[in-house]
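Reader: Could you walk me through one helix in this model and what sits around it? I'd like the cut-offs spelled out as you go.

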Amino acid sequence: MNIPAIVEPGEPLSREEIGRYSRHLLIPDVGMTGQRRLKNARVLVIGAGGLGAPTLLYLAAAGVGTIGIIDFDRVDVSNLQRQVIHSVDTVGELKVESARQAIARLNPLVHVETYTDRLEPDMAVALFSRYDLILDGTDNFATRYLVNDACILADRPYVWGSIFRFEGQASVFWENAPGDAGLNYRDLYPEPPPPELAPSCAEGGVLGILCAAIASIMSTEAVKLITGIGDPLLGRLLAYDALAMTYRELPIRRLPERKPITELADYEFFCGLTQTATPERTTDQMTVKELKALRDAGKAPILIDVREPHERDIVSIPDAVPLSKSPTVAQEIVERYGQEQPLVISCRSGARSQAVLEELLKIDRRNVRNLEGGVLAWVRDIDPSLPTY
C-alpha cells in the first residue's frame with residue numbers, strides 16, 4: 001500500500017544541489033518535490049556499525065538534510081571488515097565522529113547530529129521525537145524492543161534491519177500508520193528468544209558484504225517513506241539468503257488482543273539478560289589471572305573450551321581441551337572427568353561457558369568454574385601477542 005510522504009518539501013534546491021542530485025531529479029517519482037522532501041528530512045540512525053555504516057553513506061549521498069547518529073562505541077580494527085564508513089585512520093575514534101567525518105567528505109551539504117550516549121529508556125522517546133524517521137540496525141533484542149516501544153510512544157515510523165552470518169531481514173514498523181495499517185516489532189516477535197539462542201554478530205559472525213545488501217534495502221525504504229513513493233515494507237518481512245541468493249517475502253499481521261505500549265520497561269530484564277538485581281561475583285567464577293597463577297603453581301584445573309572448531313582455529317588458550325557446546329556436552333564432561341576433577345569452562349567471552357556451567361550444576365557436578373571473560377580476557381590480560389576476534 002502507498003503511504004503519503006512523511007516529510008513536507010523544504011526550501012528550493014540551490015544550483016549546487018540541483019547538480020549533485022540531478023539523477024534523482026530525472027526520476028519522475030522523485031523530481032524536485034521529492035528531493036526537497038529529502039532535504040527537509042530528519043533521520044536518526046541507531047548505531048554506526050554493520051548496518052548503520054553503509055546506511056549512513058547512502059542517506060547522505062541521497063541528500064537527507066539532517067542525519068542523527070547515536071552510538072557509544074569506538075572503531076575497532078575488527079569493524080573494518082563490514083563497517084565501510086570507518087577506516088584505518090579512525091580506529092580508536094568514537095564511531096559517531098568517524099562517521100561524521102566520512103559524511104562530510106561525501107556530502108558537506110548534510111547536517112550531522114551525533115550522540116555518544118548508550119540508548120536508554122529515559123531518553124529514547126524525547127530523542128526520537130526530534131526526528132521524522134528512525135532506522136534501527138542494532139544487533140540485540142533488548143535494544144530492538146526499546147526502539148520499537150519508544151517509536152510507538154513518539155509516534156514515529158522506523159525501518160528495521162537484522163543480519164547474521166549469511167542471512168538478513170528488513171521491514172518497516174509504524175504503529176499509527178495511515179489507513180489502520182499500523183504494525184510494530186512485537187507483531188513479528190511477541191517475545192524475545194532465550195539469550196543463548198540469540199547470538200550477536202560478535203559471537204556468530206557475519207559476511208561483511210551482507211551488511212550492504214540489507215542496508216541498501218533499509219535506505220531505500222527510508223527514501224520511499226520520506227518522499228511518499230512506492231510500496232513500503234510495512235506489513236511485510238523481507239528475508240535475504242546470500243548463499244542461495246534468494247529473497248522471500250513473509251506477511252506480518254497485527255496480533256489480536258495485544259497490549260498497547262504505554263511506557264518503557266527494563267529491556268535487559270525482559271530479554272533475560274539480567275536478574276532483578278545485579279548479582280555479586282560468585283565462587284563459580286575464575287578470572288584469567290587466577291587461572292594463570294594456578295598454572296604457574298602447578299595446580300592447574302582442566303580447562304575445557306566449549307567454542308566451535310572454527311573459533312579455536314583463530315586463537316586458543318594453551319592446553320585447553322576442545323569440547324564444543326551441545327545439548328549433551330554437560331553429560332559428556334561428567335562421563336569423561338567424573339564428579340570431582342577440578343574443571344574450568346571457557347568460551348569466547350564467558351556467556352556460553354556460563355550456560356554449560358549451569359547445566360553441570362543442575363546435574364550436581366561440583367568443583368567446576370566459569371572462566372570470566374573467556375579467551376578474549378586471556379588475550380587482553382595474559383598474552384596480548386595472541387590474535388583476537
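Author: Here's a look at helix α15, followed by its surroundings and a few other parts of the chain.

First, the ground rules. This is a predicted model, so to speak of local features we need pLDDT of at least 70, and side-chain atom pairs count only at pLDDT 80 or more, while totals for chains, interfaces and linings use all residues. Residues are numbered from 1 along each chain as its sequence is written, and side-chain values use heavy atoms, with hydrogens and water left out.

For the setting, the protein chain has 16 helices and 13 strands. Both are DSSP runs numbered from the N terminus: H or I with at least four residues for helices, E with at least two for strands. The C-alpha atoms fill a box of roughly 75 × 50 × 40 Å along the principal axes. Of the 389 residues, 47% are buried; buried means under 20% relative accessible area, exposed means over 50%, and partly exposed is in between (1.4 Å probe, protein chains only). Among contacts with a separation of 6 or more, 69% are between residues 24 or more positions apart, a contact being heavy atoms within 4.5 Å.

Now to α15 itself. The helix has twelve residues and runs 17 Å from its first C-alpha to its last, close to the 16 Å expected at 1.5 Å a residue. That expected span is 1.5 Å times one less than the number of residues. Its buried residues are R352, S353, V356, L357 and L360. They cover an arc of only 145° around the axis, which puts them on the same side of α15; the arc is that of the directions from the helix axis to the C-beta atoms. As background, an α-helix has 3.6 residues a turn, so residues three or four places apart point the same way. On the face turned away from the buried side you'll find the exposed residues A351 and K362. After the helix comes D364, with a positive phi near 65°.

What covers that buried side? The cover of the buried residues of α15 includes α9 (201-204), β9 (285-286), α13, α14 (329-337), β12 (343-346) and β13 (368-371). Two of these are worth a stop.

Take α13, where there's a charged link to α15. E311 forms a salt bridge with R352, with the closest N and O atoms 2.8 Å apart. E311 lies in α13 (residues 309-312) and R352 in α15 (residues 351-362), so the pair ties together parts that are 41 residues apart in sequence. A salt bridge here is a side-chain nitrogen of Lys or Arg within 4 Å of a carboxyl oxygen of Asp or Glu. At 3% relative accessibility, E311 counts as buried, and R352 is among the buried residues of α15.

Then there's α9, which holds A202. With a relative accessible area of 41%, A202 is partly exposed. Its C-alpha is 9.7 Å from that of F164, and the two are 38 residues apart in sequence.

How does the E311 pair sit among other salt bridges? A search of the whole structure finds 18 of them. One of them joins D305 and R307, whose closest N and O atoms are 2.7 Å apart, and both residues are buried. Another links D381 and R380 at 3.0 Å, N to O. There, D381 is partly exposed at 34% relative accessibility, while R380 is exposed at 56%. Salt bridges that share partners also join E175, D187, R254 and R258 into one network.

If you want a second helix to set beside α15, try α5 (residues 95-106). It also has twelve residues, which should span 16 Å at 1.5 Å a residue, and its end C-alpha atoms are 16 Å apart, in agreement. Buried in α5 are K95, V96, S98, A99, A102 and I103. These cover an arc of only 160° around the axis, which puts them on the same side of α5. Their cover includes α4 (52-62), β2 (66-70) and β3 (111-115).

Finally, a word on rings with a charge over them. R118 lies over the face of F72, 4.1 Å from the ring centre, and R144 lies over the face of F141, at 4.9 Å. The test asks for NZ of Lys or CZ of Arg within 6 Å of the ring centre and within 35 degrees of the ring normal.
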